[in-house]
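Welcome, and please open the sequence and the 3D view side by side. We will walk through a handful of helices and a few single residues, one stop at a time.

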Amino acid sequence: MKILKFGGSSLASPNRIKAVGRIVLNEADTHPLVVVVSAFEGVTNQLLACARLADGGDPAYERLYEEIARRHRAALDHLVGGRRNRRTRAAIDRLLGELREILHGISLLRYAPARALDMTASFGERLSAPIVAAMLDRSRPARSADARQFIVTDDRFTRANVIFGKTNQATRAYFKRASGTRRPDRPIPIVTGFIGATEDGRTTTIGRDGSDYTAAIVGAALGASAIEIWTDVDGVLSADPRAVPAAFVLPHMTYEEAMEMSYFGAKVLHPAAIAPAVAKGIPIHIKNTLNPAAPGTLISRSQGDWDGVAKGITSVDDITLLTLRGLAMVGVPGTAERLFRTLAARRVNVILISQASSEHTICFAVSRADAAEATRAVQAEFRFELQHSLTTLEQRPDQSIVAVVGERMKGTPGVSGKVFGSLGRHNINVSAIAQGASERNISCVIDSAQQVRALNVIHQAFFEKCKRLALVVVGVGNIGGALLRQLHQQRGYLLERGFDVRAVAVANSKRFMVAADGLNLARWREALAEAPHRMNPEALVRAIASLGLTNAALVDCTAADAVVDAYPDFINAGLHIITPNKRANVLPWRRYANLMDLVRTRQKHLLCEANVGAGLPVLSTLNDLMASGDVIVKVEGILSGTLSYLFNTFDGTRPFSALVRDAHRLGFTEPDPRRDLSGEDVARKLLILARQMGLQMDITDVRAESLIPRRLRTGPFSDRFFSAFARSDAEMAGRFARARAGHRVLRYTGRLEKGKAVAGLEEYRADHPFAATKGSDNVIAFTTNRYAHTPLVVQGPGAGADVTAMGVFSDILKLLYYLPR
């Protein structure tokens, strides 16, 4: 025999009820069945709302009652026709009349005790069961079965306790004909879930979502071979999919895992429903009414074919954490007994307990609804101790419990380390920790604001083989646009290697747009042009923080101070920083040091390969040399792509100022070419290299020769600059002639040696590596203890949007490899 239970979502509409009918009839061909049904979706809430309106004397209850009545009559008319409709319609009308009388009585008395609420709520299942039975009866004999005739409870109305001895006996007696060999003419019982009755016949309910419990009670009493819980999801998921998009259906769970997950918030199965099944060893199968072909989740004694350690991540929110703290508690027997006895006396449910071995504190978590009563209870019980400052009761509201559950966590080293390590890396603070001796569950209390991030972080650590990285790309001009194009082109390549990289936000100087699931990089320009959000870094930080991302990085492709000023906000929001923008790395020393301290404290990365050499591996080479224990003696090179181009082109046939004018027209210089000619760019790169080497240095410590006459160094830039600059052509021509006379070439280079940084125009022999550069090549030579006689040279294009974007892309790859699985 099988027990099939259908929840309210499976009965939400006549079409869904028809789908239920197909499932039942298909199963009835192979097994004797008992079907348990809930109320139609939302009806229980409507019934209780009716009772509360009537209790308050609000005539609106009558309109809500009429809505309930119309819905059930319409469903019956849609599903059942002919004589059966008349018989069932008469039964439904009698029930609706009884419901109206009860609500009218509550309205007259202005009183709705718990017993009246239970009676009112019972009509949901008492109305749905005959309608489902009548529909089935058109194809195969079926009858409704009122669970009040065999489920016996105490009189704790709204949350009645089942009296199992009497219930099992009454259930077996009621279904004695259904327990034998299957016969085609035996009616399929359609049982009302959720309800029972006291020994003297008063109607009770066994807790919200109690239809699962009804199915388990009946299944255990009748010795069913399986219990199927039909709902609107494909099974028990590894996490709540509303919070964790990567959640997946678990094919198999043990009873213990299911109980742990149900207790800590998994919504698919009622926690109490598992206990009767466990006692009888009856498998429970979670199936989807909307997708009957899906395999679902099987809950049994067996672990199934599962090679993971954890099985699921779940959570409970709306929690308050209370901490009783005091030196007077240390070594005093009975303190914990007093605490939990007084809480039990006030009917306060304690969800989690944590006590330090020092006995100095006891933490316990309760629902927000119980927090005030719990506080009053503890203050009353410990009133004498709390009069002294040595004992305190602290309350921390707005907390959530996150639980990691898995049978194979038991005895497996490193599980706790993975949980708390992943939370720590994402700066999620843990308020309290609890783990039972079974080791199947590790629970921790965190701020509710961090709940979604925590679920995603832990889920990614345990279950996701593909590393996810969300990018916030600010600055979508030449470099940013090239980067987005490269990301779009390489998405398939990255996915093949287990990297899911998505741009979740892009911004220019005017607007930004955000998409939690990732932007369409084929048409981001059009979408950004229509984006409603005005760009400012603070607003962008708030928008990104609200997404609760696990692994995210700001990619700053601007040259703007305002974005750099917001780096601390982005880091505090949980983002790494990747940037070709040099401004952060050349901040005044104190600001720079504070930023680096924040990066380390928050366990983030600031990656800036493209700061020096565009796409060339300059900084990574320097860091690899130092990491391997080599000692840097000297770093020198051509560090400006613009100046490299100018002096590779300058052969004395044309004035130097004419070359500068041409380079500016071709876009090879900054909009104001004085920024290149001043040596400022080279000075910044030398400072960045120095700081990467651990030197405490500021930009004022770098001596850089300016190629601009002093009279032209200030004031706004215009095209008149070139004619004024032409007056210096003779001087530059003279320097070129002297170099050529000595068989040398002119190159603007930077040098970092013995703690000093110098940049300027130098002469080099024709056989020197710096003399052989072409176009806008950068060339950097590292002289070290290991590379003492022949420097290690890195050479290649040092400017251009595509190569700079490639340098940024390489930092994205580095970050992906740094991120833990």
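**Where two helices meet**

H72, L76 and L79 of α3 meet L127, I131 and M135 of α5; a contact here means heavy atoms within 4.5 Å. Sorted by class, this contact of α3 with α5 has 5 nonpolar, 1 polar and no charged residues. For these classes, Ala, Val, Leu, Ile, Met, Phe, Trp, Tyr, Cys and Pro count as nonpolar, Asp, Glu, Lys and Arg as charged, and the others, Gly among them, as polar.

Before going further, a word on what you are looking at. This is a predicted model, in which local features need pLDDT of at least 70 and side-chain atom pairs count only at pLDDT 80 or more, while totals for chains, interfaces and linings use all residues. Residues are numbered from 1 along each chain as its sequence is written, and side-chain values use heavy atoms, with hydrogens and water left out. Helices (H or I, at least four residues) and strands (E, at least two) are DSSP runs, numbered from the N terminus.

Back to our pair. The axes of α3 and helix α5 (residues 114-137) come within 9 Å and cross at roughly 10 degrees. That angle makes α3 roughly parallel to α5. Axes are lines fitted to C-alpha atoms, for helices over the stretch in contact, and angles run from 0 to 180 degrees between N-to-C directions. Angles under 35 degrees count as roughly parallel, over 145 as roughly antiparallel, 65 to 115 as roughly perpendicular and the rest as oblique.

How far apart are the end C-alpha atoms of α3? They are 29 Å apart, which agrees with the 28 Å that the 20 residues of this helix (residues 60-79) should span at 1.5 Å a residue. The expected span is 1.5 Å times one less than the number of residues. The buried residues of α3 include H72, L76 and L79, where buried means under 20% relative accessible area, exposed over 50%, and partly exposed in between (1.4 Å probe, protein chains only). A60, Y61, L64 and Y65 are also among the buried residues of α3.

Just before α5, look at R110, in the loop between α4 (82-109) and α5. Its phi is near 50 degrees, a positive value in a residue other than glycine. R110 counts as partly exposed, because its relative accessibility is 47%.

**Other helix pairs**

Next, find helix α6 (residues 164-174) and helix α7 (residues 211-222), which pack at an angle of about 70 degrees with their axes 9 Å apart. The two are therefore roughly perpendicular to each other. F164, T167, N168, T171 and R172 of α6 make the contact with Y213, I217, V218, A221 and L222 of α7. These residues divide into 6 nonpolar, 3 polar and 1 charged.

Now compare the view at helix α13 (residues 415-425) and helix α14 (residues 451-463), whose axes are 9 Å apart and pack at an angle of about 135 degrees. α13 and α14 are therefore oblique to each other. On the α13 side, V415, K418, V419, S422 and L423 take part, and they meet A454, V457, I458, A461 and F462 of α14. Here the division is 8 nonpolar, 1 polar and 1 charged. In the loop between α13 and β16 (430-435) you will find N427, which has a positive phi of about 55 degrees although it is not a glycine.

**A helix with many partners**

What does α11 pack against? Its buried residues, A371, A374, T375, A377 and V378, pack against β12 (312-326), α10 (335-345), β14 (361-367), α12 (383-386) and β15 (391-405). The 14 residues of α11 (residues 368-381) should span 20 Å at 1.5 Å a residue, and the end C-alpha atoms are 20 Å apart, which agrees.

**Single residues to visit**

E260 lies in helix α8 (residues 255-263). Although E260 and V405 are 145 residues apart in sequence, their C-alpha atoms are 6.8 Å apart in space. Not counting residues up to four places away in sequence, E260 touches V405, S438 and N441.

Is H743 buried or exposed? H743 is exposed, with a relative accessible area of 65%, and it lies in the loop between α28 (729-741) and β27 (744-753). Leaving aside neighbours within four places in sequence, H743 is in contact with Y764, R765 and A766. To return to our starting helix, the C-alpha atoms of H743 and L79 are separated by 100 Å.
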